[in-house]
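Grab a pen and have the viewer open. Here are some exercises on cores, cysteines and charged pairs, each with a worked solution.

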Amino acid sequence: MRAPELPPTASLRPDFIWGVSTSAFQIEGATKEDGRGRSIWDVYCQNGEVKNHDTGDVACDHYHRYREDVALMKRLGVQAYRFSVAWPRVLPQGQGSANEPGLAFYDRLIDELLASGIEPWLCLYHWDLPQALEDLGGWMNRESVAWFAHYAKLISTRFGDRVRRFATFNEPSIFSLFGHSLGKRDRSSEDNLHRTIHHVNLAHGAGVDVLREEVPGASIGCIHNCQPCWPSSGSEADAAAAARLDTYWNNAFPDPQCRGKYPSLIGPAIEPHIQPGDMARICRPVDWFGLNHYSPVYVKAQATSMLGFEFGEKPAGVPLTPIGWPINPDAFRETLRIVHERYGLPIYVLENGYGSFDKPDEAGAVIDAERIEFLRAYIAAMNAAARSGVDVRGYFIWSLLDNFEWESGYSNRFGLTYVDYLSLQRIPKSSFRWYADLIKTVRRR
Ligand code: FCB
């Protein structure tokens, strides 16, 4: 078989970083071991909110198999690995005293990465809030800013001797919006959403300050999910709905964090929650913009929904991944340009990937030619963005492994490595070999 073609990469910087990403709840398992507390996702799973009643109890068993997983990364040749710490593993009650065995797990992981020549990129918050804090109102409680600062201090003092790259949050707009309005958990109010947005922004600022103080030379950012929001019809109402979703989805967090003010469309709604000095507390200098990108989102007006919009139909003929996400590499290129122009920070693409229902063939191999084609086109689009002046410095594929895909459970697979959830065997897919080949080829240049 002819080796699949590699994308053009000539416009990427010589020090460009190739990596892979995961998150704690999605891969670790061991949810009841070594003193870990419960997270909100343990509770969602227990309440049957996830497809097939899947839970994170075992997941990829990365907690016990991290060595094997780091060995996979070494085979891939990635320079960096982005992971998250499970807050309830290190602070079972969310605040108060730390759980030493939980911290020791991340010591082992970080040491293994460094011994393998892979730079750890540590994300503090990838959605698994300790349930004990949710019971106190979670992000709707302004105290959450102090809880997060306490947690950030624990992590930076413990790991700051070995970790230099830190992200405060993964996709604040997604967990805020989906937690309160879009999707299944539509059980909240506009006021709760606006409160949450502001507190998470304040927590980001507080986290940046703690990291700067505790880790000299730290390189800090926040990771945002940036997708174009397009109207699903030509109507004016749908165009207005798209502009509104775009503001919440793409600007509600990076605008105050990087430009010091809320976008005018939502500013007045957030105003009641803003105290004197807050905007300066949020807008702390960061070193880079973390960008997660998948596909354009289609939206339509819906007067009865909380924010006046809901997801719309995708226009006929739009190419889709097997899990139904539109494929559009030009939209990626355009998103990179918009983020570059609006925020002016170096960009690291910290997630991009292809969701499907891969299965091993009779010979036990997992051939995912469509994923390779997707990644090739998206990396080519990123190279084109770099050629036109976008300061993009790294690209991390979501994900190293198939894993727990939130409300879709284990059915949607994003990994370069197939995981057999019964035996927990890892099988590198053909995209794994392709990515390894790409990294080797580019780095030889
Ligand atoms: C992103 C999440 C990540 C994963 C991918 C598919 O929005 O950050 O955890 O679920 O989508």
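The exercises below go from the core to the cysteines and then to the salt bridges.

A quick word on the ground rules: this is a predicted model, where local features need pLDDT of at least 70, side-chain atom pairs count only at pLDDT 80 or more, and totals for chains, interfaces and linings use all residues. Residues are numbered from 1 along each chain as its sequence is written, and side-chain values use heavy atoms, with hydrogens and water left out.

**Exercise 1. The core**

Find which residues have the most contacts inside the largest nonpolar core.

Step 1. Get the term straight: a nonpolar core is a set of buried Ala, Val, Leu, Ile, Met, Phe, Trp, Tyr and Cys residues joined through side-chain atoms within 4.5 Å. Buried means under 20% relative accessible area, exposed is over 50%, and partly exposed sits in between (1.4 Å probe, protein chains only).

Step 2. The largest core holds 128 residues, and Trp18, Met382, Tyr395 and Tyr435 have the most contacts inside it. Apart from this core lies another one of ten residues, among them Ile17, Trp121, Ala167 and Leu350.

Step 3. Now zoom in on tryptophan 18. Skipping neighbours within four places in sequence, its contacts (heavy atoms within 4.5 Å) include Val78, Gln79, Met382, Tyr395 and Tyr435.

Step 4. Follow one of those partners, glutamine 79, to the loop between helix H3 (62-76) and strand S2 (80-84); helices (H or I, at least four residues) and strands (E, at least two) are DSSP runs, numbered from the N terminus. Glutamine 79 counts as buried at 17% relative accessibility. Besides Trp18, glutamine 79 touches Phe16, Ile17, Gly117, Ile118, Glu119 and Arg443, again leaving out residues up to four places away in sequence.

**Exercise 2. The cysteines**

Work out how many disulfides a search of the whole structure finds.

Step 1. The cut-off is a pair of cysteine sulfur atoms within 2.5 Å, and the search comes back with zero disulfides.

Step 2. Check cysteine 45: the nearest cysteine sulfur belongs to cysteine 60 and is 13 Å away. Cysteine 45 is buried, at 4% relative accessibility.

Step 3. Do the same for cysteine 222, where the nearest cysteine sulfur is that of cysteine 123, 8.0 Å away. Cysteine 222 is buried too, with a relative accessible area of 3%.

**Exercise 3. Charged pairs**

Locate the parts of the chain that arginine 165 and glutamate 119 tie together.

Step 1. A salt bridge needs a side-chain nitrogen of Lys or Arg within 4 Å of a carboxyl oxygen of Asp or Glu. The whole structure has 33 of them.

Step 2. Arginine 165 and glutamate 119 make one, at 3.5 Å from N to O. Arginine 165 lies in strand S4 (residues 165-170) and glutamate 119 in strand S3 (residues 119-125), so the pair ties together parts 46 residues apart in sequence.

Step 3. Look at burial: arginine 165 is buried at 8%, while glutamate 119 is partly exposed at 23%.

Step 4. Next, try arginine 376 and glutamate 373, whose closest N and O atoms are 3.4 Å apart. Both sit in helix H15 (residues 369-387), three residues apart, so about one helical turn separates them.

Step 5. Finish with arginine 413 and aspartate 402, a salt bridge with its closest N and O atoms 2.6 Å apart. Both of these residues are buried.
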